[in-house]
Amino acid sequence: MSREDELVQNLEGIQARINAACEAAGRDPSEVTLVAVSKTKPVADIQALYDAGHRDFGENYVQEWQDKAEFLPNDIRWHFIGVLQSNKCKYLAGNVHLIHSIYRRKQLKELSKRLDEPQKILVQINTGNDLAKGGIEPEELEEFLETAAEFPEVQVAGIMTIPPFDEPIETTQGHFRTMKSLAQGHPDWTVSMGMTSDFEAAIAEGATIIRVGTAIFGARNYQ
Ligand SMILES: *Cc1c(COP(=O)(O)O)cnc(C)c1O
């Protein structure tokens, strides 16, 4: 099988699992957007999925995203999901569909300086109280929303989490449930959670974006 066919088959396999998870949860599959996480993967892989009709892709590193986007169609909806240093915010402002990893005032400030139309962002929540991960504590969300309101160009569209990797699925699902309760009262919010190993649990708890890399592109090789 060609690499292109393999990628499209993987994508279709994930879509079938999304449909099944939605059915089990009594949800409509159209409520869940699959972001194909393409970090470390070549432009040709992204192009193959684009040609099959996929439009939502996720990248973690500003430089890598810029290097690839240059060679790809400009109607791709780019999702920035990586750690974002505030001095790199200027490259993303107005150029990506959604930034998932905002949790500092400095990031809001740097983005707003560069914006002449609204930029959608998600607030990253550290549901696992994990020192190795970014994000605010769930209890800090209300205060952060007040801070974000100082920057009207930056539009809070929802919340995102990356739970700790080494926990049993029941614990992970508990983190997703925390996200669900944080989103209560915000029916229009995007809730970005769930990756290769846990996206079905995320869908069960109300995820509206799942971010899947390995199950579509295969394992990553970091140099
Ligand atoms: C890499 C990454 C993913 C994709 O992870 P997989 O386990 O390969 O599906 C999702 N979200 C974030 C924030 C990532 O950094």
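**Pockets and a helix crossing in a predicted model**

The second largest pocket holds about 250 Å³ of space. It belongs to a predicted model. A total of 15 residues line the second largest pocket. Closest to its centre are His97, Leu98, Lys120, Thr190 and Ile209. Strand 6, spanning residues 154–161, gives the most to this lining, with three residues. By class, the lining of the second largest pocket divides into five nonpolar, six polar and four charged residues.

The largest pocket encloses about 620 Å³ of space. Its lining is made up of 32 residues. Lys133, Ile162, Phe165, Met195 and Arg211 are the closest of these to the pocket centre. The lining of the largest pocket comprises 14 nonpolar, eleven polar and seven charged residues.

A helix pair was also examined. Helix 1 covers residues 3–25, and helix 2 covers residues 43–51. Their axes come within 9 Å. They cross at roughly 60°, which makes helix 1 oblique to helix 2. The crossing of helix 1 and helix 2 is right-handed. On the helix 1 side, the contact is made by Arg3, Glu4, Leu7, Val8 and Leu11. Helix 2 contributes Asp45, Ala48 and Leu49. Sorted by class, the contact of helix 1 with helix 2 has five nonpolar and three charged residues. No polar residue takes part in this contact. The charged members are Arg3 and Glu4 of helix 1 and Asp45 of helix 2. Leu7, Val8 and Leu11 of helix 1, with Ala48 and Leu49 of helix 2, make up the nonpolar part.

Note on methods: Residues numbered from 1 in each chain as written. Predicted model: local features only at pLDDT ≥ 70, side-chain atom pairs only at ≥ 80, totals over all residues. Heavy atoms only, no water. Axes fitted to C-alpha atoms, helices over the stretch in contact; angles between N-to-C directions. Helix = DSSP H or I, 4+ residues; strand = E, 2+ residues; numbered from the N terminus. Parallel < 35°, antiparallel > 145°, perpendicular 65-115°, else oblique. Left-handed = near helix turned anticlockwise from the far one by under 90°. Contact = heavy atoms within 4.5 Å. 1 Å grid on protein atoms, 1.4 Å probe; cavity = no way out; pocket = protein on both sides within 12 Å on 5 of 7 lines; lining within 4 Å. Points joined across faces, edges and corners; volume = space filled by probe spheres on them.
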